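Biologist: I would like a close look at a single part of this model. Please take one residue as the way in, then work outwards from there.

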Amino acid sequence: MTVFHFFNCAILTFGPHAVYYSATPLSEYDTLGTSVKAALVYLGTALVKLVCLATFLKVSENESFDPYQELLKALIGFIDVAGLYFALTQLTHRNISQNHKFQAVGLGWAFADSVLHRLAPLWVGARGLEFTWDYILQGLEANANLVFSISLAALGSLMWLRKNKPKSLIPIIYACAGIVATMPSITSYLRRGLGWHFPKVVGFELFTSLAMAFISWQLFSACQRPSA
Amino acid sequence: MATRKPGDGPVLESVYSVIALVFVLVACAELCGAATVVDVYRLIQYDISGVPFGSRLAGLNHHASSLHFPPGADLSRTVLVIPVRDLNLSYVKDFLSQRQPLGGLLFLLPQIFSFDSKESTGDGEELLKNIVMELEKFLIHTNIPYPVYFAFENDDINTVLADIKKNDVSGQPATATTGGYKLVVSTAEPKKVASPIMSNIQGWLPGLKADGDPNQLPTIAIVASYDTFGAAPALSVGSDSNGSGVVALLEIARLFSLLYSNPKTRGRYNLLFGLTSGGPYNYNGTHKWLRSFDQRLRETIDYAICLNSIGSWNDELWIHVSKPPENAYIKQTFEGLSNVGDELGIKVGLKHKKINISNSRVAWEHEQFSRHRITAATLSELSTAPGLFENTGNLADSGNFVNEAAVIRSVKLVAESLARHIYGHQGKNIQIFADEGSLAVNPSYIRSWLDLLSRTPRVAPFLSKNDPFVMALKKELEEHMEEVILQNEVLDGIFTFYDSTKATLNIYQVASVTFDLLLLLVLGSYLIVLFSFLVITTRGLDDLISLFRRPPSRKVKTA
């Protein structure tokens, strides 16, 4: 029954990516290449982040929240944003509309993130005899992460690819992008500084991901209108 | 671009309801802790002349249940977890005698019986001690065809047990289809111990031989058996039976070696100290040891004093003899001991039990001496002869229940009476081992040895040939005297023992199959809902419906 549990958690963690790809017009326009390229860029970004973390970060003995370390981690987290910028702007994509480009990039990004961070613990842990809720919560977190990545990619494409934006919306766009980019630091603060338990943190992540998705959708359609 | 406003409401609500369902699942199933790992100790497995006794299996992989299981439940694949504290002994006895198929038994012992416990004893503990002793007696003499383990109570196991009880009371016994706890012990199947070895240690303190005296000096022997036997061999420390005897012997050896080190105070008796093994098995080791004696040595032994369980008495000790009390040596020994006893405030009684040569059961160590025609007596706090495997270091005989002061008084009693006999001061009121002198009984010596003995299980078949503890005893005797001999003998053939006495138990909380299926259902519907949501929002409702109609060659790739 434990392989069953592994199977359940795997479809919770990786299913939505596949569903997203097949449900939206992404599959029709065959944007798989874009997603794969974005995944590779994510891998590269992860390696750079790893090296920076190893070089600059001190290992702390206890689980407490150290503001300076967290600030450092947040700064290194911006390398993520740089990677996304690279994936969105520098890579050559087939002639697909911006609409689909950011979705494909976000999807590839989130899929690589899930595989890198969640596949190994799942394979090792979920097949054991002992039952814990951790892997289901991890799957939910992967879902939230998918939504975050797509929102970030949307905001990123707004920031760097769209030339004519309404002036009033620009600060909002940057603010939202900032929030989404620092989400890992925020969750880490909640977990360590405030001592929230994992289910609560995952609930918070799900809620904020839906909120940010909604806001970025609104921003995106608002920026669409002048050029439409 | 299609606006998502019209289709928004009901779709969003369904997403929320899926999340709500997940939270309901969370609320129904209990949140669990990590897997618990506990040290467990197996019930002894042995044969007497081929007749099997004890627990015959070691591996365990079943669901756990408590005694509140629903009546008529099939228990052949369950392990019953029984805390000894609330044990209903007659119920358990009935249950075991009915020979119902059972996956296994796990008894939870209170912490007071463990090695490191330092709690004080009171009336409640006496009651517990009696219950444990009775349970043990029953288990040792029964053939049980499934694994039986003992474990100590701690917080983790107590929470697990409370959970199991709750599940059982609600009528939901743990099986493969409903969730619950699974107990797993993965050890190899027990094998016979090939040739169990008994190691006897003897020490010789020679007396002062006058020049020109051709005759051999008389010898006095002081003997104690050091090995134990109990329901859980890995827990059989025998602090009182016979750890107290061993400690007393070591202290007496130390005191007399101090006296004998100076030729001016060396007595005209040789002293022979014996730490024998094989005590629970009709003192087989003592028998083999005596059999190996030189005939001349045997003739010079005036008498022997055997020490057995002198650690938890209040003011009464017994001398057990097999020769009639009118015998000169017996009378002398008894009078000597009771005189010293009167001075120390100890009442010493005499008990005579005849030996039946045809009966192979040897209840006291002195009976082996008597069978080899050596006068001997046993000093013990027990007033009646113990039966087979009784008072041989059982589960209840842990360090908490032995009294260091009693051991000290016993040492004083034996040492004084011996010394008065050796130096010819019988009846005189002289204190050789006075409390403030250089020959005082050393309480910290006694305390540290008693502590060590209370932590060392000493079941002879499971002690290897050069076991460190036996070597330590030998080394300690070598500190006090020159001639120390270690003799290894094989335990007699009627007893066969099986290994695998200690294991680790893993307790897993497993989810039921229904839970997994339910989760699959939830996830499937979530993915379907997500799919339809995305199709509707990005491609429009018509596309969703057309997916189900499956018209041929619908998909058109646009550049």
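Is B:Glu343 buried, partly exposed or exposed, and what is its relative accessibility?

Modeller: One caution before the answer: this is a predicted model. B:Glu343 has 38% relative accessibility, so this residue counts as partly exposed. The class follows from the cut-offs, because buried means under 20% and exposed means over 50%.

Its salt-bridge partner is B:Arg420. The closest N and O atoms of that pair are 2.9 Å apart. The two residues come from distant parts of the chain. B:Glu343 sits in helix α8 of chain B, and B:Arg420 sits in helix α10 (residues 404-423) of chain B. They are 77 residues apart. B:Arg420 has 5% relative accessibility, so the arginine counts as buried. The pair does not stand alone: salt bridges that share partners join B:Glu343, B:Glu416 and B:Arg420 into one network. Over all chains, the count comes to 15 salt bridges.

Now follow helix α8 itself. This helix covers residues 328-344 of chain B. It lies across four strands of chain B: β13, β14 (316-321), β15 and β16 (376-380). Against β15(B), the helix runs at about 155°.

Those strands belong to an open sheet of eight strands in chain B. The order is β15-β14-β16-β13-β11-β12-β10-β17, and the pairing is mixed. The edges are β15 (347-352) and β17 (483-490) of chain B, and each pairs on one side only. From one strand to the next, the twist averages 20°.

Within the sheet, β11 (residues 219-225) and β13 (residues 301-308) of chain B run parallel, joined by six bridges. One of the residue pairings is easy to find: B:Ile222 has B:Ile305 in β13(B) as its bridge partner.

A second helix lies across another set of strands. Helix α12 (residues 468-480) of chain B lies across β10 (197-205), β12 (270-276) and β17 of chain B. Against β10(B), helix α12 runs at about 5°.

Go back to the edge strand β15 for another charged pair. B:Glu316 forms a salt bridge with B:Lys347, and the closest N and O atoms are 3.3 Å apart. B:Glu316 lies in strand β14 of chain B and B:Lys347 in strand β15 of chain B, so the pair ties together parts that are 31 residues apart in sequence. With 29% relative accessibility, B:Glu316 counts as partly exposed.

For contrast, look at a pair inside one helix. B:Glu251 forms a salt bridge with B:Arg254, with the closest N and O atoms 3.0 Å apart. Both residues lie in helix α5 (residues 239-261) of chain B. They are three residues apart, about one turn of the helix. Both B:Glu251 and B:Arg254 are buried.

One more set of strands completes the tour. Strands β2 (residues 45-48) and β3 (residues 51-55) of chain B run antiparallel, with four bridges joining them. B:Ile48 stands opposite B:Val51 in β3(B). Their hairpin has two residues between the strands, and B:Ser49 takes a positive phi near 50° there. β2(B) also pairs with strand β18 (residues 495-497) of chain B, in the antiparallel sense, over three bridges. In that pairing, B:Tyr46 has B:Phe497 in β18(B) as its bridge partner.

Technical notes: Residues are numbered from 1 along each chain as its sequence is written. Chains are lettered from A and ligands numbered from 1 in the order in which they are written. This is a predicted model: local features need pLDDT of at least 70, side-chain atom pairs count only at pLDDT 80 or more; totals for chains, interfaces and linings use all residues. Side-chain values use heavy atoms; hydrogens and water are left out. Two strands pair if DSSP finds at least two bridges between them. Axes are lines fitted to C-alpha atoms, for helices over the stretch in contact, and angles run from 0 to 180 degrees between N-to-C directions. Contact means heavy atoms within 4.5 Å. A salt bridge is a side-chain nitrogen of Lys or Arg within 4 Å of a carboxyl oxygen of Asp or Glu. Buried means under 20% relative accessible area, exposed over 50%, partly exposed in between (1.4 Å probe, protein chains only).
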